[in-house]
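User: Hi! Could you take a close look at one part of this model for me, and then connect it to its surroundings?

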Amino acid sequence: MRYPNILLDFDGTVARSHPGIEGAVACGAARIGKSADLSQHWKFIGPHPRDYAIRWLGATEEEGDRFFEGYQDYYNREGWKNCSYFEGMEDLLDDLRGAGCKIYLCTSKPLESILPMIERMELRLDGMGAALLDRGITAKRDVMGRLLQDCGLDPARCVMVGDHKGDVLAAGQFGMDSIAALYGYCREEDMLPLRPTYAVRSVEELRGILL
């Protein structure tokens, strides 16, 4: 067993979740009178929606808040239902558990958004870290730090798997190995210069590293 503890991002790593997120982005953009290019997943899947609106749509701080409200309204009502496992992921998770690995979710999605998705997908976990909006815990490094502390995990015995640069950067800050999930919603040109420990282009390649 190379890594006893596997930390997984959700969107673009465990779940093919872009249909619901695209709808939420469109709803948020309409609320502030702007339009979004829904083909550019790397811009809005991973970063906080408010940050996306400000950086890529030219929203003001106040508009960013209204964008996020519209995003959440749609996502909490309909968007969260539109996700499924990447092909082979569910079997990989079962096999990792069979090999004695512990599975943790480390996501920047708000806790109240991710819980019904975990239940719907019957995702079995040994622990979870998610964004806590009321406590200002939104960045991946903060979510990861809290998860490590709450679960008593040694970063040297963990690996972070994710499809966003924040996953690789946060892992590096804690001295943890990382696997860039290039099959997700990232761009290779954004991920590879960060020098993740490994990079994979399919769930099958990920299996080859973790098992």
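Analyst: Happy to! Let's start with E78, which makes a salt bridge to K81, with 4.0 Å between the closest N and O atoms. Please keep in mind that this is a predicted model. E78 is partly exposed, at 35% relative accessibility, and K81 is likewise partly exposed, at 32%. The whole structure contains 15 salt bridges. R187 takes part in two that can be described together: its closest N–O separation is 3.8 Å to E189 and 2.9 Å to D190. R187 is partly exposed at 27% relative accessible area, and D190 is partly exposed at 27%, whereas E189 is exposed at 52%. Elsewhere, salt bridges with shared partners link D9, K140 and D167 into one network.

From here we can move to the part I would look at most closely, strand β6. This strand covers residues 158-162, and 5 of its 5 residues are buried, so β6 is largely enclosed by the rest of the structure. The burial applies to both faces: C158, M160 and G162 lie on one side, V159 and V161 on the other.

What flanks β6? Strand β1 (residues 5-8) runs parallel to β6 and is joined to it by 4 bridges; L7 has M160 as its bridge partner. Strand β7 (residues 177-181) also pairs with β6 in the parallel sense, over 4 bridges, and G162 is partnered with A180. Between β6 and β7 the chain passes through helix α8 (residues 165-173), giving a right-handed β-α-β crossover.

Two residues of β6, V161 and G162, are among the contacts of T13, together with L8, F86, M89, D163, A181 and Y183, leaving out residues up to four places away in sequence. T13 sits in the loop between β1 and β2 and is buried, with 0% relative accessibility. Its C-alpha atom lies 12 Å from that of A199, although 186 residues separate the two along the chain.

A little further along, S17 occupies the loop between β2 and α1. S17 is buried as well, at 1% relative accessible area, and its contacts beyond four places in sequence are D11, G12, N82, C83 and Y185.

β6 also meets a helix. In α10 (residues 203-210), the buried residues are V203, L206, I209 and L210. Because they span an arc of only 110° around the axis, they lie on the same side of α10. An α-helix has 3.6 residues a turn, so residues three or four places apart point the same way. The buried residues of α10 pack against β6, β1, β7, β8 and α5, while E204 and G208 are exposed on the face turned away from the buried side.

Helix α6 (residues 111-121) offers a second case: S113, I114, M117, I118 and M121 are its buried residues. Viewed down the axis they fall within a 125° arc, so they line one face of the helix. Among the elements covering them are β2, α4, β3, β4 and β5. Just after α6 comes E122, which has a positive phi near 55°.

To bring it back to β6: the strand is buried on both faces, pairs in parallel with β1 and β7, and is among the elements that the buried residues of α10 pack against.

Notes
Residues are numbered from 1 along each chain as its sequence is written. This is a predicted model: local features need pLDDT of at least 70, side-chain atom pairs count only at pLDDT 80 or more; totals for chains, interfaces and linings use all residues. Side-chain values use heavy atoms; hydrogens and water are left out. Buried means under 20% relative accessible area, exposed over 50%, partly exposed in between (1.4 Å probe, protein chains only). Helices (H or I, at least four residues) and strands (E, at least two) are DSSP runs, numbered from the N terminus. Two strands pair if DSSP finds at least two bridges between them. A crossover is right-handed if, with the strands pointing away from the viewer, the path from the first strand over the helix to the second runs clockwise. Contact means heavy atoms within 4.5 Å. The arc is that of the directions from the helix axis to the C-beta atoms. A salt bridge is a side-chain nitrogen of Lys or Arg within 4 Å of a carboxyl oxygen of Asp or Glu.
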